[in-house]
Amino acid sequence: MVLACQQISKSFGEEPVLKQVSFHVEEYEKTAVVGINGAGKTTLLKIIMGELEPDEGTVTIAKGKTIGYLAQHQDMTGPGSIFERVLEAKRDLIGMERRIRAMEEQMQGIPDREMDAFLENYHRLLHEFDARGGYTYVSEVTGVLKGLGFSEAEFDKPCRELSGGQKTRVSLARLLVTHPDIILLDEPTNHLDIESISWLETFLQNYKGAVIVVAHDRYFLDRVVTKVVEISLHRSAVYEGNYTAYAARAAKVREGRMRAYYNQQREIRRQEEVIEKLKSFNREKSVRRAESREKQLAKVDVLEKPMEEDSQMRISLTPSVVSGKDVLAVRELSKAFGEKVLFDGISFEIQRGERVALIGPNGTGKTTILKILNQVIDADAGSFQLGTNVKIGYYDQEQQALHMEKTLFDEISDDFPEMNRTRIRNVLAAFLFTEDDVFKRIGDLSGGERGRLSLAKLMLSEANFLILDEPTNHLDIASKEILEDALNHYEGTVLFVSHDRYFINRAATRILSLTGRRIVNYIGNYDYYLEKREAAEAAAGVADIAGNANAAARASENSGNAGTLTNVGIAGGTTRRTDYAGVAWAATDSRSAESADGESLNDAVPVTNGKTDWKAMKAEQARLRKRQNQIQRLEDEIAELEARTAEIDEEFAKPEVATNSARLRELHTERTGLAGKLEELYTEWEELCSE
């Protein structure tokens, strides 16, 4: 055990936040702390870090264990670039390296009689430097920054010029490269794109330490954690397993508690009826029996009625008018800011009833596309057309449509003058704004509160085409699930940007991936996208991301795709599509034809690049399989050598070995050889993975 919280209680004024919260964390264990917004999760982390004092209870950290903390908000003033700030975390190694270099310069002037002692100190320092990763710390910093979404071109950017999200990523990078024994993370995925979150998941899965994380990203929690601590109604409950396992078991526990409560209440009423009946007999023996039953009943430990968290949004989205079948057509859209080209000649269509997720790394232009469609900014080239009776409802993650000087009540009443005071209050209450909250200034609200207000206005708009930019940001898990349910029952059309993969998986029927300035389309949810991404993007790369649908079709067919991959790209202004048989077609006019599986197409003709492209594709696939086999072989060999290194370290700790100089030399020689071999394998593995 590396950390234990025992009977932690905390109140702010008269308001209790935590009551007798207890749990422990084992070495290398990955633990999630979950609960609705305001449940006390961040308060608990601050108590663990010693930033807040508990009213009752204790936090125990194992002797000699280090702890690191990533808060939600970062203050990063002062000089220094991104790379310099993260490299500062390695100052111990940097200082050690300077001492090594200084000793090497002194070596020539050391007298012979002092040389042995000098060399012993030098080699001891060298060994410690090597053991602590001294030869790889610069590449480690580089790798972590890249993994968290920074390009090398950004490394020299001053931290004072960074956004709040970028500062959080720099702070996260600093924390990860320090390798504390216990890492505390408060919403680490809030400012990461999907690729960076996936990198962080892998990093934490393999991290040689304990992790305690507060996060609303259920996909992330499913992949990382092995234990969940639930904070509900100020108290804690501990569940083994990932988030999905916790959610299923917690629901059963709540059902069981409610069932036990009602069963007990039913039994109490039955006993009371029996007692009354016995008394009514008015016989001495019956009265004694009634009194005996009363005494037994008085000793019963009456269960409290289980309470649900009464703090969930209630959303109902209903279009006022049904749109035409064709909702949106985008044609050859392009946008650049200065010399930075975000996307170039992208085209796609959306039809009524679809729920389309637009995904891609940060900075690729997803939000820009939404703003163009909502006419907030202009495209450089191309056009888009809305269908018949399409009415847009736009959710902006920056909440620019809100008036900061107004109160919540005025914001609703001014935009919807037909609503009376009672209905305005009811709508705001559905989004957790009650009593005097409705008279707060919007400028004084938190980001999450502004997000809820924007969703309230969206609900009232009765739009039939929702365009949503990061709608789940700042929502707790329960509120996300309610929004998912509302969208899944929505009869209109939805286009949204999100990095919440669990939300995408539940809400999306189709995914548009903005990759390499182009759009790659997947007919399915996020799991389907993951399954088909490599083949589809490889095909798009073969076609120089210009839309060679024939190559995409073959890649899809080779990957066992039984579904449809449409609009892989755009070539010469003609939309390409792939049918269920995996054959590519180019639509030309409105006459009808049939594909290999009988699907009706528009006078479609096969497109092919001949046998040369086919052979090249097969050769590339064979090369990739070979590389993957090489990587697997290296990983197996690395695991074997690391296991042997761990065995040697255990032997070093044995008392009988510590006094055996011959055995110590033998083990030291073997371990040094293993370290050199591992370094070679790591280098080879990195080179293969970076191809």
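Contact here means heavy atoms within 4.5 Å. The legends below describe a predicted model.

**Figure 1. Helix α11 lies across five strands, namely β12 (355-359), β14, β15, β16 (493-497) and β17 (510-515).** The helix runs at about 145° to β15. Of the eight residues of α11 (residues 366-373), seven are buried, so the helix is largely enclosed by the rest of the structure. The buried positions of α11 are Lys366, Thr368, Ile369, Leu370, Lys371, Ile372 and Leu373, a list in which two lysines appear. After α11 comes Gln375, whose phi is positive, near 60°.

**Figure 2. An open sheet of six strands follows the order β14-β15-β16-β12-β17-β18, with mixed pairing.** The edges are taken by β14 (392-395) and β18 (518-522), each of which has a single partner strand, so that one side of each is left without a neighbour in the sheet. When direction is ignored, neighbouring strands of this sheet are turned by 15° against each other on average.

**Figure 3. Strand β15 (residues 465-469) pairs in the parallel sense with β14 and also runs parallel to β16.** Four bridges are found between β14 and β15, and five bridges join β15 to β16. On the β14 side, Ile392 stands opposite Phe465, and Tyr394 has Ile467 as its bridge partner in β15. On the β16 side, Phe465 stands opposite Thr493. The strand is mostly covered, since five of its five residues are buried. In a regular strand the side chains alternate between the two faces of the sheet. In β15, Phe465, Ile467 and Asp469 point one way, whereas Leu466 and Leu468 point the other way, and all of them are buried.

**Figure 4. Thr472 occupies the loop between β15 and α15 (477-488).** With a relative accessible area of 3%, Thr472 is buried, the cut-off for this term being under 20%. If its neighbours within four places in sequence are left aside, Thr472 is in contact with Lys480, Leu483, Ser498, Asp500 and Phe503. One of these contacts, Phe503, is itself a buried residue, as is Phe496.

**Figure 5. Aromatic rings form 13 pairs in the structure.** A pair of aromatic rings is described by the distance of the centres and the angle of the planes. For Phe129 and Tyr135, these values are 5.2 Å centre to centre and 85° between the planes, which makes the pair edge-to-face. Phe129 counts as buried at 2% relative accessibility. The rings of Phe496 and Phe503 have their centres 5.3 Å apart and their planes at 70°, so this pair is edge-to-face as well. Elsewhere, Tyr219, Tyr522, Tyr526 and Tyr529 form one aromatic cluster.

**Figure 6. Charged side chains lie over the faces of phenylalanine rings, as Arg169 does with Phe150 and Lys335 with Phe337.** Arg169 is at 4.3 Å from the ring centre of Phe150. For Lys335, the distance from the ring centre of Phe337 is 5.0 Å.

**Figure 7. The largest nonpolar core holds 56 residues, and Leu145, Leu172, Leu185, Leu204, Val213, Phe220 and Leu221 are the members that touch the most others.** Helix α6 (residues 164-178) supplies the largest share of this core, which comes to six residues. Not counting residues up to four places away in sequence, Leu221 touches Ala32, Val34, Val213, Ala215, Asn242, Tyr243 and Ile477. Apart from this core lies another, of 48 residues, among them Leu317, Phe409, Ile412 and Ile442.

**Figure 8. The protein chain as a whole, for orientation among the close-up views, has 21 helices and 24 strands.** Of its 691 residues, 44% are buried. Among the contacts in the chain with a separation of 6 or more, 65% are between residues 24 or more positions apart.

Conventions
Residues are numbered from 1 along each chain as its sequence is written. This is a predicted model: local features need pLDDT of at least 70, side-chain atom pairs count only at pLDDT 80 or more; totals for chains, interfaces and linings use all residues. Side-chain values use heavy atoms; hydrogens and water are left out. Buried means under 20% relative accessible area, exposed over 50%, partly exposed in between (1.4 Å probe, protein chains only). Two strands pair if DSSP finds at least two bridges between them. Axes are lines fitted to C-alpha atoms, for helices over the stretch in contact, and angles run from 0 to 180 degrees between N-to-C directions. Rings of Phe, Tyr and Trp (its six-membered ring) pair if their centres lie within 6.5 Å; planes under 30 degrees apart count as stacked, over 60 as edge-to-face and the rest as tilted. A charge sits over a ring if NZ of Lys or CZ of Arg is within 6 Å of the ring centre and within 35 degrees of the ring normal. A nonpolar core is a set of buried Ala, Val, Leu, Ile, Met, Phe, Trp, Tyr and Cys residues joined through side-chain atoms within 4.5 Å.
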